[in-house]
Amino acid sequence: VSNHETVLVDIVAHKENETVSREFVRAGPREFIAFHPKTVKACIVTCGGLCPGLNTVVREIFFTLEKRYGVEEIYGIPYGYKGFHSKKLQIRKLTKRLVDTIHYKGGTFLGSSRGGHDTQLITDCIEKYGFRHVYIIGGDGTHRGAQKIYEEIRRRGLKVAIVGVPKTIDNDVPLIDKSFGFDTAVEESQRAIRSAVVEAKSGIHGIGLVKLMGRHAGWICVYGTLSNRDVDICLVPEVPFELEGPRGLYQTIHDCIKAKGRCVIVVAEGAGMDHMQTGKEVERDPSGNIKLADIGLFLKAGINKWFSDNKIEVNLKYIDPTYMIRTVPPNGGDSLTCAILAQNAVHGAMAGFSGFSAGLINTHNVLIPIETLNSTKPKTVHSISSRL
């Protein structure tokens, strides 16, 4: 692939407006490389929450470096960013025997954690070990950390490629078509939704309530709902809703039961926070994310109380597969996506690019500047018309 080939980002035009599009360098192997493979010492780290396909990305980075380029020293950083500097954790050299079958398993072989980022200590470790390639797999917080490392590496004048692979089960990474593991998560969510449908149909005035992942974006809920075709109500963080009143959630459930004899509801974990966190002190996790109250349990209690107060019998079954859908191995499509992203991450690093993340935009693989990813708003369901 030539360094002069680019991919347009903004491809939808309007005849009355001037069309101006951003362009990103096309990903893929280059004719010339900037690193001699025998001088490359690489490391791989996985950060943040779990997602189907993490092990596939790790494995493919390893084998692309080893088999396609002949790199001999590849290391795994344990448990996220803190693995670079924690005295309790040990960086270990990866081998074919260690990684050969990890893609059949969920989770991450390297371990992961939130927080633990210290730019100076991490860069000190990179310099101490002599790493020339640093592959960082993670979401928005992880990429903000990667940007700081990249800037510190440049400040120190080190010849090190800092490379990201975007990861989020919520599918809200901006610009890219789809996050790896998302399709698997949607597929896995169908088990819970189908169970809720069966429960709702099998009881008198049955209600099936399913809570799925989605802190700020309801993509899993939306795709899960549309894939299932039996869901009556879908609640996502992007769309506020009322509980009481003629247009409120409780009355809508009542109307649905009256018309169909049952109701199936799918709710994202970040939906309805305005009903629960008013006046409460905000708590955050080590990554800086707000700790969310449990919307599923809140709705379960609220729905049961409303119908009880109105002397109406209902049978509500609550299903929470939150962590089940992110701990499974990737399906075939996601596995292929992971492999391509990992390969392009290595190709870009070997060609001398740094401070980029490998991604798919408009069906083409590109190298996206990490700074651009960090400065772009996350993808939300409000943009659904251009994404389905």
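Start by selecting K167: this lysine is buried, yet it has no salt bridge. The closest side chain of opposite charge belongs to D140, and it sits 7.9 Å away. A salt bridge would need the charged atoms within 4 Å. Keep in mind as you look around that this is a predicted model.

**What does the side chain of K167 have beside it?**

Show C47 and zoom in on its backbone oxygen, which lies 3.1 Å from a polar atom of the K167 side chain. Now add G49: its backbone oxygen is 2.8 Å from a polar atom of that side chain.

Next, widen your selection to the residues that K167 touches. Leaving out those up to four places away in sequence, you will find C47, G48, G49, C51, L54, I137, G138, G139 and F180.

**Along the loop**

Zoom out a little and you can see that K167 belongs to the loop between β7 and α5. Select D172 next, which lies in that loop too, with β7 covering 161–166 and α5 covering 182–202.

Is D172 buried or exposed? With a relative accessible area of 14%, D172 is buried, because the cut-off for buried is under 20%.

Show the side chain of T168 now: it makes a polar contact with the side chain of D172, at 3.2 Å. Which residues beyond four places in sequence are in contact with D172? Select S179, A217, W219, P378 and K379 to see them.

**One last stop**

Finally, select N17 and draw a distance from its C-alpha atom to that of D172. The two are 155 residues apart along the chain, and their C-alpha atoms are separated by 28 Å.

Notes:
Residues numbered from 1 in each chain as written. Predicted model: local features only at pLDDT ≥ 70, side-chain atom pairs only at ≥ 80, totals over all residues. Heavy atoms only, no water. Helix = DSSP H or I, 4+ residues; strand = E, 2+ residues; numbered from the N terminus. Buried < 20%, exposed > 50% of the residue type's maximum accessible area, 1.4 Å probe, protein only. Contact = heavy atoms within 4.5 Å. Polar contact = N/O pair within 3.5 Å; in protein donor to acceptor, adjacent residues only side chain to side chain. Lys, Arg positive; Asp, Glu negative; His and termini not counted.
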